[in-house]
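Trainee: Please walk me through one part of this protein closely. I'd like to start with the overall layout, then zoom in on a single strand residue and what surrounds it.

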Amino acid sequence: MTVRSGVDGVHGTAQGRGRDGFELPDEADTIAFGRRLGSVLRAGDLVLLSGPLGAGKTVMVRGIAEGLGVAGQVNSPTFVIARVHRPRPDGRGVPLVHVDAYRLRGLDELDDLDLDTDLMDAAVVVEWGEGVAERLSEEDHLVVRLNRRPDDVRELSLEPHGADWADRVASLLS
Ligand SMILES: Nc1ncnc2c1ncn2[C@@H]1O[C@H](COP(=O)(O)OP(=O)(O)OP(=O)(O)O)[C@@H](O)[C@H]1O
Ligand SMILES: [Mg+2]
């Protein structure tokens, strides 16, 4: 596996490196990567999923939920904005807050949702979060970019913000 570290992030690949990053040929690969990411998430973490419609953001959250071991089916939260998934007894004990910021006009709306979970006690994963949700943890968050190539392969790149995420991304890719 190759890891390239640069000012704008870290790129590597499990399946072979594309020109711009990490290749995820099938849905199962995206879920598997999400599962790995979910297995290192901690309470207070913020992950922003970036990428166009159909890029595979929700599919990745399914893997993250598996890695965390939380209950409930992960669906596209487009119609509900945010959903809290509680830890399963056999899970890692960290709830998942899955947010779709596509329709969120600002973070104040997230506060207004009355999620019944302090965001600092959960791993917060935000689809369409870039440009909106960084404010939750400006110095310390992970941006996951997914791109859909014409051949349907997804390209992934990881952009760590903060020293802790740089280390964790390097270990995720090793
Ligand atoms: N390598 C892949 N990784 C992820 N999804 C894939 C892949 N190949 C094909 N797909 C398909 O692409 C679709 C991705 O849908 P998904 O809902 O995850 O996208 P999204 O980025 O969440 O879109 P939206 O912005 O509408 O929320 C699914 O139907 C999935 O089966
Ligand atoms: Mg989605």
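**From the fold to one residue**

Mentor: Read along the sequence, the pattern of the protein is β-β-β-α-β-α-β-β-α-β-β-β-α. That comes to 4 helices and 9 strands, where helices (H or I, at least four residues) and strands (E, at least two) are DSSP runs numbered from the N terminus. This is a predicted model, where local features need pLDDT of at least 70 and side-chain atom pairs count only at pLDDT 80 or more, while totals for chains, interfaces and linings use all residues. As for labels, residues are numbered from 1 along each chain as its sequence is written, while chains are lettered from A and ligands numbered from 1 in the order in which they are written.

Now, how far can you trust it? pLDDT is the predictor's confidence in each residue, from 0 to 100. The protein has a mean of 84, and 79% of its residues reach 70 or more. Confidence is highest in α2, at 97, and lowest in strand β1 (residues 3-6), at a mean of 36. Over residues 1-16, pLDDT stays under 50. Where pLDDT is low, the predicted coordinates should not be read in detail.

Okay, let's zoom in on Val 124, which lies in strand β7 (residues 123-127). Val 124 counts as buried because 28 C-beta neighbours sit inside 10 Å. The rule is that a residue is buried if 20 or more other C-beta atoms lie within 10 Å of its own, exposed if 12 or fewer, and partly exposed in between, with C-beta atoms placed from the backbone. For the whole protein of 174 residues, buried ones make up 40%.

Who does Val 124 touch? Leaving aside neighbours within four places in sequence, Val 124 is in contact with Asp 45, Leu 46, Val 97, Val 99, Leu 119 and Leu 136. Contact means that two C-beta atoms, placed from the backbone, lie within 7 Å. Take Val 97: Val 97 and Val 124 are 27 residues apart along the chain, yet their C-alpha atoms are separated by 4.8 Å. Long-range pairs come up across the protein too, since among contacts between residues at least 6 apart in sequence, 62% join residues at least 24 apart.

Step back a little and you meet the largest nonpolar core, with 40 residues. A nonpolar core is a set of buried Ala, Val, Leu, Ile, Met, Phe, Trp, Tyr and Cys residues joined through C-beta atoms within 7 Å. Val 124 is one of the residues touching the most other members, along with Leu 49, Ile 64, Leu 96, Val 125, Val 126 and Val 144. Helix α2 gives this core its largest share, 6 residues.

Finally, look just past the strand, at Trp 128 in the loop between β7 and β8 (141-148). Phi of Trp 128 is near 60°, a positive value in a residue other than glycine. Most residues other than glycine have a negative phi. Trp 128 is buried, because 21 other C-beta atoms lie within 10 Å. Asp 152, in the loop between β8 and β9 (154-161), also has a positive phi, of about 80°. Asp 152, though, is exposed, with 8 other C-beta atoms within 10 Å.
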